[in-house]
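User: Please take a close look at one part of this structure, the pairing of charged side chains. A formal, connected account would be appreciated.

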Amino acid sequence: MSLTDSERAHIQAALQRQRDALAALRITGSPEEIGQGLIQLAELYGLLEDHAASRQQYEEALGSFQKAHSKAGQAQALYGLGVARAQFEDHKGSIERMAQAAALYNEIKDKEGEALCRACIGESLRALGHTDGAEEKYQEALILFRSMRNHERVAALLMDLGDIRMEAGDYQRARERFLEALTLLEKSEEPEPRALCQLLLGEAEGLLGNHEAARPHLLEAVQLYGHLHEHTFEARARWDLGLACYYQQDWPAARAQFEAVLPLYEEQGRPEEAAKVRNVLAHFAARGV
């Protein structure tokens, strides 16, 4: 998500304050204190999407934490370096750093840190096309997050695992993952993950031919994305919902969704999708439905 001008100005002001604080720490602080100051600076650069500067601060922080013999600090810096490398699509480098961080987090019994690293390794493996390895790392992270009862992280990983199953054409197992995630997300106050889960579950049901079961999930996704003004995902949900209605031969409901999705595609500059919708609506008009 892009930053507003005021948000960017706020972060830049915080960045300057942190630079000033770090200058003082370099004179009076311990290696561990300097390392923590560098971590904070790196995180601020990351918020501004200046990943080169962020990586530089994490690298210096790692050296400070090594001097301090701080395993927790080293793990934190290595995790940050892994994230920064992934931003540059250096996924092999990211995996290497994340694996080192995971080992340190395991040593100091920080389950959350270890789980985050394993999930990130899964993301990089998936980006490299190694879906089996990605699924294995997601499962490892899932076990750790379950042990901490971190329902939001568990739900996110279940959706990732379901998405991998969808790509493999295993829609039944994908559906099971999405259903389990939705059960957890129904208790959450965050609408975005719930909207995505409803969308994915509706798509899985549709691909299984369960169009009646797909409709309520897709309808809720449409409503949630509409409230969030996430029109790209709203368009995807409306198209899927229109198809579900079409396959059930509920022509009025299908036409209503296709008519609603057309201006969304046009506003998003997606002429091919818009043309496809116009063809469907012309088909309805020709049949008088």
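Does Arg238 count as buried or exposed, and at what relative accessibility?

Analyst: In this predicted model, Arg238 counts as buried, at 16% relative accessibility. The cut-off that decides this is 20%, since buried means under 20% relative accessible area. The partner of Arg238 is Glu234: their side chains meet in a salt bridge, with an N to O distance of 3.0 Å. Glu234 likewise counts as buried, its relative accessibility being 8%. Both residues belong to helix α12 (residues 231-247), where they are four residues apart and thus separated by about one helical turn.

This pair belongs to a wider set, as a search of the whole structure finds 20 salt bridges. Another of them joins the side chains of Arg26 and Glu60, at 2.6 Å from N to O. Arg26 lies in helix α1 (residues 5-28) and Glu60 in helix α3 (residues 51-68), so this salt bridge ties together parts that are 34 residues apart in sequence. In terms of exposure, Arg26 counts as partly exposed at 41% relative accessibility, and Glu60 also counts as partly exposed, at 32%.

A further salt bridge links Arg270 with Glu273, whose closest N and O atoms are 3.6 Å apart. Arg270 is partly exposed, with a relative accessible area of 24%, and Glu273 is partly exposed as well, with 25%. Elsewhere, Glu114, Arg118, Lys137 and Glu140 are joined into one network by salt bridges that share partners.

Technical notes
Residues are numbered from 1 along each chain as its sequence is written. This is a predicted model: local features need pLDDT of at least 70, side-chain atom pairs count only at pLDDT 80 or more; totals for chains, interfaces and linings use all residues. Side-chain values use heavy atoms; hydrogens and water are left out. A salt bridge is a side-chain nitrogen of Lys or Arg within 4 Å of a carboxyl oxygen of Asp or Glu. Helices (H or I, at least four residues) and strands (E, at least two) are DSSP runs, numbered from the N terminus. Buried means under 20% relative accessible area, exposed over 50%, partly exposed in between (1.4 Å probe, protein chains only).
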